[in-house]
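This report covers strand pairing and one residue position in the structure shown below.

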Amino acid sequence: MSTDLCYVYAVCHPFDAPLQAELVGVEGRPPRLLRHEGLIAVVGAAPEADFAEEPLRAHLEDLDWLTATARAHEAVVAALTTVTSPLPLRLATVFRDDSGVRSMMQEERARFHSALGRLAGRVEWGVKVYADAAPTPPPPEPRSVAGTSAGPGSGRAYLRSRRAQRDALDDTRQRAERFAERLHEGLSRHAVATRPHPPQNPALARASGVNILNSAYLVDRTASEDFIERVDGTKDEEPDVRVELTGPWAGYSFTMEEAGR
């Protein structure tokens, strides 16, 4: 019979609101609260057969398993974000038992309190800017018709069309970069901290267009409505430039002390 390990989702300051009764996490198991040294660890049971070192290493190569586990992890953290400002821990953080979690909390107590102090009363918003140029498809490449080669004029027209498309794409990207810089500077003045992320890989991202800005902003909850309005107010400023706002999230991007520096 497989034994269970103790899976840790997040660490929080004490809070009074109960967890949602129907909330489940990894492997469909409900989370619970583990208190120690003025902190709360939100934990759940996870089967050793899946989360011990060797099977976990194999599972991390299984995209379907990894996706399901990440979604369950994020669901618990998202539920916590509605009642407090949690410090999310890394996916698949597991210990042998509650005693191991308490030892970890004791060792990391100072760092946890410092990080939770930065996150208290704040949420993370994500802002992405895309260059969405959609040029007119090029004319067909010159071909021979009835055994006769197309004239040189057709070839020159085709090349001119392709060059015009490249110029349009370059112009859109340059405008998007200038727009993204202005947007980031403006939003940063209304955020407690910022964390730029690398642009999304077009081959992996589901969104269309070229990702120009991919940044996270730590914002006071009380200032979030104003932050949203500032983002929404820019969405039609530039043609073929798209702004995407996501959140509010727990402060995933701001769990380390160097975030925003």
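Is T255 buried or exposed? The model is predicted, and in it T255 has a relative accessible area of 18%. Buried means under 20% relative accessible area, so T255 counts as buried.

In the chain, T255 lies in the segment after β9 (241–249). When its neighbours within four places in sequence are set aside, T255 has contacts with L87, P88, A115 and R118. Two of these residue numbers, 87 and 88, are those of strand β4 (residues 87–88), which leads to the strand pairing.

Strand β1 covers residues 4–12. Eight of its nine residues are buried, so β1 is largely enclosed by the rest of the structure. The pairings of β1 with β3, β4 and β5 are set out in the table.

| Partner of β1 | Residues of partner | Bridges | Sense |
|---|---|---|---|
| β3 | 39–47 | eight | antiparallel |
| β4 | 87–88 | two | antiparallel |
| β5 | 94–95 | two | antiparallel |

Individual bridge partners can be named for each pairing. Toward β3, L5 is bridged with A46. C6 has F95 of β5 standing opposite. For β4, the residue bridged with V11 is L87. L87 thus appears twice in this account: as the bridge partner of V11 and among the residues in contact with T255.

Technical notes:
Residues are numbered from 1 along each chain as its sequence is written. This is a predicted model: local features need pLDDT of at least 70, side-chain atom pairs count only at pLDDT 80 or more; totals for chains, interfaces and linings use all residues. Side-chain values use heavy atoms; hydrogens and water are left out. Buried means under 20% relative accessible area, exposed over 50%, partly exposed in between (1.4 Å probe, protein chains only). Helices (H or I, at least four residues) and strands (E, at least two) are DSSP runs, numbered from the N terminus. Two strands pair if DSSP finds at least two bridges between them. Contact means heavy atoms within 4.5 Å.
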